[in-house]
Amino acid sequence: MVERQDETGMTLLELVVALPLVAMLLAGLSTMFFLLLHSCWADISDLELQQQLRLAAVAVTQDMMYADRAKIEEDGISLWTRSQSSLPRQIVYRVRDPGGKAILTKNNQPLTGGSIYGDIRIVKFQCRKFNEKTIVLELGGRNAFTGKILVIETAAVLENKRSGGGADE
């Protein structure tokens, strides 16, 4: 009589049953992973939208606060300040549209735009005179990845009293 050793391993039938179950489990896990990755990327790009708009609004309002005079134009705002040498300096904020991507510029240098986290486009840049020394700024942007639109509204008082200037229409 031949003695049988205890064989270990799987039979072909066990493999035929187990492989589809493992494949479905891996497919479900990979789908969940990619959905979470997409959600995380969307949240990061929305945060980038918020941060770019807030930083741009801070830059504009700080320049407004130290301006001697402001001229609100249809496509932006021009501010005049005096440097320490008493020479007037002009700061111009405009929305530019290079290649269909609207960005906010300060003296033709971009303040907003694309980054590795999201493609941010300016949809609204409006300044309006509230009173003789106060300008209201509305700045809106759109995240091209998620489609989310965010609008920030703030005001700045022209504090610089040296020239007696104010906001012009």
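Glu 138 is buried, with a relative accessible area of 12%. In this predicted model, Glu 138 forms a salt bridge with Arg 128, and the closest N and O atoms of the two are 2.9 Å apart. The pair links distant parts of the chain, with Glu 138 in strand S7 and Arg 128 in strand S6, 10 residues apart. Arg 128 has a relative accessible area of 35% and is therefore partly exposed. The bridge thus joins a buried acid to a partly exposed base.

**Salt bridges**

Side chains of opposite charge can pair when their charged atoms come close. The structure holds 9 salt bridges. One of them is formed by the side chains of Asp 119 and Lys 101, at 3.8 Å from N to O. Asp 119 lies in the loop between strand S5 (109-110) and S6, and Lys 101 in the loop between S3 and strand S4 (103-106), so this bridge ties together parts that are 18 residues apart in sequence. Asp 119 is buried, at a relative accessible area of 18%, whereas Lys 101, at 38%, is partly exposed.

The side chains of Glu 132 and Lys 129 also meet in a salt bridge, with an N to O distance of 3.7 Å. Both partners are partly exposed: Glu 132 has a relative accessibility of 48%, and Lys 129 has 30%. Elsewhere, salt bridges that share partners join Lys 124, Arg 128, Glu 138 and Glu 153 into one network. The three pairs described here are listed below.

| Acidic residue | Basic residue | N to O distance |
|---|---|---|
| Glu 138 | Arg 128 | 2.9 Å |
| Asp 119 | Lys 101 | 3.8 Å |
| Glu 132 | Lys 129 | 3.7 Å |

**Chain layout**

The protein chain contains 1 helix and 9 strands. Read from the N terminus, its elements follow the order α-β-β-β-β-β-β-β-β-β. The chain has 169 residues, and 33% of them count as buried. Among contacts with a separation of 6 or more, 44% are made by residues 24 or more positions apart. The accessible surface of the chain comes to about 11300 Å², and carbon and sulfur atoms account for 59% of that area.

**Nonpolar core**

The largest nonpolar core has 25 residues. Those with the most contacts inside this core are Met 64, Ile 77, Leu 79, Phe 125, Cys 127, Ile 135 and Leu 139. Two or more core residues come from each of helix H1 (12-65), strand S1 (69-73), strand S2 (76-82), strand S3 (88-96), strand S6 (120-129), strand S7 (134-143) and strand S8 (149-157). H1 gives the largest share, 6 residues.

Cys 127 sits in strand S6. Its relative accessibility is 10%, which lies under the 20% limit, so Cys 127 counts as buried. With neighbours within four places in sequence left aside, Cys 127 is in contact with Met 64, Ile 72, Ile 77, Ile 135, Val 136 and Leu 137. Three of these names, Met 64, Ile 77 and Ile 135, also appear among the core residues with the most contacts. Glu 74 is 53 residues away from Cys 127 along the chain, yet the C-alpha atoms of Cys 127 and Glu 74 are separated by 8.8 Å.

**Two positions on helix H1**

Thr 61 and Val 16 both belong to helix H1. Which of them is buried, and which is exposed? Thr 61 has a relative accessibility of 12% and counts as buried. Val 16 has a relative accessibility of 52%, over the 50% limit, and therefore counts as exposed.

The side chain of Thr 61 reaches the backbone oxygen of Ala 57 at 2.8 Å. Apart from neighbours within four places in sequence, Thr 61 is in contact with Leu 137, Thr 154, Ala 155 and Ala 156. Leu 137 is also one of the contacts of Cys 127.

Val 16 takes part in a nonpolar surface patch of about 520 Å². The other residues of this patch are Met 10, Leu 12, Leu 15 and Leu 19.

Methods:
Residues are numbered from 1 along each chain as its sequence is written. This is a predicted model: local features need pLDDT of at least 70, side-chain atom pairs count only at pLDDT 80 or more; totals for chains, interfaces and linings use all residues. Side-chain values use heavy atoms; hydrogens and water are left out. A nonpolar core is a set of buried Ala, Val, Leu, Ile, Met, Phe, Trp, Tyr and Cys residues joined through side-chain atoms within 4.5 Å. Buried means under 20% relative accessible area, exposed over 50%, partly exposed in between (1.4 Å probe, protein chains only). Helices (H or I, at least four residues) and strands (E, at least two) are DSSP runs, numbered from the N terminus. Contact means heavy atoms within 4.5 Å. Accessible areas come from the Shrake-Rupley method with a 1.4 Å probe; for residues, only the protein chains shown count as cover. A polar contact is a pair of N or O atoms within 3.5 Å; within protein, one must be able to donate a hydrogen and the other to accept it, and residues adjacent in sequence count only if both atoms are side-chain atoms. Patches are made of residues with over 30% relative accessible area and no salt bridge: like charges are joined within 9 Å, nonpolar side chains (Val, Leu, Ile, Met, Phe, Trp, Tyr) within 5 Å. A salt bridge is a side-chain nitrogen of Lys or Arg within 4 Å of a carboxyl oxygen of Asp or Glu.
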